[in-house]
Amino acid sequence: MSEHDHNAFTQLRARIHKQVEMLKAILESTQSKSNERQWLRHQTDGDLDDRKLVDGLTGEKAVYRKRGEKEPEFGHSSNVRKSIRLVVDVSGSMYRFNGYDGRLDRTLEAVLMVIEAFESYSMKFKLDIVGHSGDSAEIPFLSSESPPVNEKEKMDILKSMHAHSQFCWSGDNTLKATATAISTIRSDSVPSQESYVIILSDANFSRYRISPVEYGRLILSDPHVNVFAVFIGSLDDEATRLQDSLPAGRSFVCMNNSDLPIIIRQVLSSSVI
């Protein structure tokens, strides 16, 4: 990595260091919960279960409870990784309006935060990052099968995102990108796997005549995939109006340069945990 790239990466990492540590703590707590000891009911020995007193009077034997690790439910496995697909807006408007509201800078910070936090939990989470723009609805940036292993590879991902936004054709593929992400993560997941799609968009819906109602239906189209939209740019109050039109709790508006990493942390904590 060149000295210029190293300095840029170091500065970017320093800005998100606190958020990375917060997200790591969330992922750690998720891992701990899977191994947490809890009350096992319907036992033939142990402490008398207050909820089974009547059953005990009728001769029932399994009226006790004791602490232990609960076995996974049938069809579920604690060893199945949770699948997360981050779909990032790298359209031309991201670069064009970055000087106006810093939307592309916020996106790069959020992507690095996710990469840095998740790299220690690859056994619990499967992370893929793709982009969308007027050129394509699915631009691969990070594959869970070959994650970056050093600072240079992480910086290369961020540079690729920035360059694509700078030189791509105008247009918007938010709808198709969301549908593709849902379909891809569904087809790649096993039946018991928890799946999450996070869409980053600049809320440029009206220009491309995207219906908020249609997008809301798309977000809820697959009950097995949790989909969230994060709007990181807006002309006037379009992002706020979009949020009001979408299903409650499934969208966020981020207009502050330091808020996007925190919002993504909140999305993961509310959904994964």
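## A pocket and two helix pairs

In this predicted model, the second largest pocket is lined by His4, Asp5, Ala8, Leu12, Arg15, Asp105, Leu108, Met155, Leu158, Lys159 and His162. The space that lies in this second largest pocket amounts to about 260 Å³. Helices α1 (3–34), α5 and α6 each supply at least two residues of the lining, and among the contributors α1 gives the most, with 5 residues. Sorted by class, the lining of the second largest pocket comprises 5 nonpolar, 2 polar and 4 charged residues.

Two of the helices that supply this lining, α5 and α6, also pack against each other, with an angle of about 155° and with their axes 11 Å apart. Because angles over 145 degrees count as roughly antiparallel, α5 is described as roughly antiparallel to α6. The crossing in which α5 passes α6 is right-handed. On the α5 side, Leu104, Thr107, Leu108, Val111, Leu112, Ile115 and Glu116 take part, and they meet Lys154, Ile157, Leu158, Met161, His162 and Ser165 of α6. This contact of α5 with α6 has 8 nonpolar, 3 polar and 2 charged residues. Leu108 of α5, together with Leu158 and His162 of α6, belongs to this contact, and Leu108, Leu158 and His162 also appear in the lining of the second largest pocket.

A second helix pair is formed by α7 and α8, whose axes come within 10 Å and cross at roughly 10°. Since angles under 35 degrees count as roughly parallel, α7 is described as roughly parallel to α8. Thr174, Leu175, Thr178, Ala179 and Ile182 of α7 make the contact with Glu214, Tyr215 and Leu218 of α8. By class, the contact of α7 with α8 consists of 5 nonpolar, 2 polar and 1 charged residues.

The table sets out the geometry of the two pairs.

| Helix pair | Angle between axes | Axis distance |
|---|---|---|
| α5 (residues 103–118) and α6 (residues 151–167) | about 155° | 11 Å apart |
| α7 (residues 174–188) and α8 (residues 212–219) | roughly 10° | within 10 Å |

Terms used:
Residues are numbered from 1 along each chain as its sequence is written. This is a predicted model: local features need pLDDT of at least 70, side-chain atom pairs count only at pLDDT 80 or more; totals for chains, interfaces and linings use all residues. Side-chain values use heavy atoms; hydrogens and water are left out. Axes are lines fitted to C-alpha atoms, for helices over the stretch in contact, and angles run from 0 to 180 degrees between N-to-C directions. Helices (H or I, at least four residues) and strands (E, at least two) are DSSP runs, numbered from the N terminus. Angles under 35 degrees count as roughly parallel, over 145 as roughly antiparallel, 65 to 115 as roughly perpendicular and the rest as oblique. A crossing is left-handed if the near helix is turned anticlockwise from the far one by less than a right angle, and right-handed if clockwise. Contact means heavy atoms within 4.5 Å. Ala, Val, Leu, Ile, Met, Phe, Trp, Tyr, Cys and Pro count as nonpolar, Asp, Glu, Lys and Arg as charged, and the others, Gly among them, as polar. On a 1 Å grid over the protein atoms alone, a cavity is a set of points where a 1.4 Å probe fits but cannot get out, and a pocket is an open set with protein on both sides within 12 Å along at least five of seven lines; lining residues have an atom within 4 Å of a point. Grid points are joined across faces, edges and corners, and a volume is the space filled by probe spheres set on the points.
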